[in-house]
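Visitor: I'd love a close look at one part of this structure, and then a sense of what surrounds it. Could you pick a spot and walk me through it slowly?

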Amino acid sequence: MRESYSFGPVFDRNSHTLILGSFPSVQSRAAGFYYANPQNRFWRMLAAVYGAEVPDSIEEKRALLLSNGLALWDVLERCEIRGSSDASIRGAVPVKIETVTGAAKIRRVLVNGTTAAKYYARYLEPKTGITATCLPSTSPANAAYRLERLTALWGAALLGEEG
């Protein structure tokens, strides 16, 4: 099924780190915002890294990102996908990354999982000139990583090069 989504990137001119997923899940597309599946560990991990409360509302999620200099988006704008399965992605159309990189001084890119890494390297790295750091997916499908391990790995990447 051909899918696209209309919610754009979260960023402001102070964003220095861009986090990219692959494509929103069915639940995220329905909710109109990133990582809406309650089983996805993204928001719990991010809150733990920054010593914050786990955000509930979209406004709280935006505030957590922006207060820490983070931008959030996905690598793909449109694709054919079955449900939320990254493995089923076909006909990928990348986002216009210049939307973020043209307005914010992005110094590093972190990708959430290997699918995002693959599409970033293919479509977006040639435009940004920034090599992405691939981190383990926060998806519930990635059962090999518990929240504590995800938090440690993501925290090292997020806090290791602050500012």
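**From one valine to a buried helix**

Guide: Let's start with Val-100, which is buried, since its relative accessible area is 0%. Keep in mind as we go that this is a predicted model. You'll find Val-100 in helix 4, which covers residues 98-101. What does Val-100 touch, once residues up to four places away in sequence are left out? The list is Pro-9, Phe-11, Leu-18, Ala-71, Trp-73 and Ile-106. There's also a nice pairing with Val-10: the two valines sit 90 residues apart in sequence, but their C-alpha atoms are 8.7 Å apart in space.

That kind of long reach turns up across the protein chain. Take the contacts with a separation of 6 or more: 67% of them join residues 24 or more positions apart. The chain has 163 residues, and 48% of them count as buried. Its secondary structure adds up to six helices and seven strands, and reading along the sequence gives you β-β-α-α-α-β-β-β-α-β-α-β-α.

Now follow one of those neighbours inward. Leu-18, which Val-100 touches, belongs to the largest nonpolar core, a group of 44 residues. Leu-18, Leu-20, Trp-43, Leu-46, Leu-72 and Leu-158 are the ones that touch the most other members. Many parts of the chain feed this core, with at least two residues each from strand 2 (17-21), helix 2, helix 3, strand 3 (70-74), strand 4 (76-80), strand 6 (108-112), helix 5 (114-128) and helix 6 (147-159). Helix 2 gives the most, with six residues. As a rule, nonpolar side chains in soluble globular proteins tend to be buried together.

Leu-72 makes a good stop on the way to helix 2. Skipping its neighbours within four places in sequence, Leu-72 is in contact with Pro-9, Val-10, Leu-18, Ile-19, Tyr-34, Tyr-35, Phe-42, Trp-43 and Leu-65. Two of those names, Phe-42 and Trp-43, are among the buried residues of helix 2.

So, how covered is helix 2? Mostly: seven of its nine residues are buried, and they are Phe-42, Trp-43, Met-45, Leu-46, Ala-47, Val-49 and Tyr-50. These buried residues pack against strand 2, helix 3, strand 3, strand 6 and helix 6. Just past the end of helix 2, Gly-51 has a positive phi of about 65 degrees.

Let's zoom in on the helix 3 partner. When two helices pack, people describe them by the angle between their axes and the distance between the axes. Here, the axes of helix 2 (residues 42-50) and helix 3 (residues 58-67) come within 11 Å and cross at roughly 45 degrees. That angle is why the two helices are called oblique to each other. The crossing of helix 2 past helix 3 is left-handed. On the helix 2 side, the contact is made by Trp-43, Leu-46, Ala-47 and Tyr-50, and on the helix 3 side by Lys-61, Leu-64 and Leu-65. Sort those residues by type and you get six nonpolar, no polar and one charged.

Notice the spacing on the helix 2 side, too. An α-helix has 3.6 residues a turn, so residues three or four places apart point the same way.

For a contrast, finish at Glu-148 in helix 6. Its relative accessibility is 59%, so Glu-148 counts as exposed. Its C-alpha atom is 8.1 Å from that of Met-45, which lies 103 residues away along the chain. Met-45 itself is one of the buried residues of helix 2.

Key: Residues are numbered from 1 along each chain as its sequence is written. This is a predicted model: local features need pLDDT of at least 70, side-chain atom pairs count only at pLDDT 80 or more; totals for chains, interfaces and linings use all residues. Side-chain values use heavy atoms; hydrogens and water are left out. Axes are lines fitted to C-alpha atoms, for helices over the stretch in contact, and angles run from 0 to 180 degrees between N-to-C directions. Helices (H or I, at least four residues) and strands (E, at least two) are DSSP runs, numbered from the N terminus. Angles under 35 degrees count as roughly parallel, over 145 as roughly antiparallel, 65 to 115 as roughly perpendicular and the rest as oblique. A crossing is left-handed if the near helix is turned anticlockwise from the far one by less than a right angle, and right-handed if clockwise. Contact means heavy atoms within 4.5 Å. Ala, Val, Leu, Ile, Met, Phe, Trp, Tyr, Cys and Pro count as nonpolar, Asp, Glu, Lys and Arg as charged, and the others, Gly among them, as polar. A nonpolar core is a set of buried Ala, Val, Leu, Ile, Met, Phe, Trp, Tyr and Cys residues joined through side-chain atoms within 4.5 Å. Buried means under 20% relative accessible area, exposed over 50%, partly exposed in between (1.4 Å probe, protein chains only).
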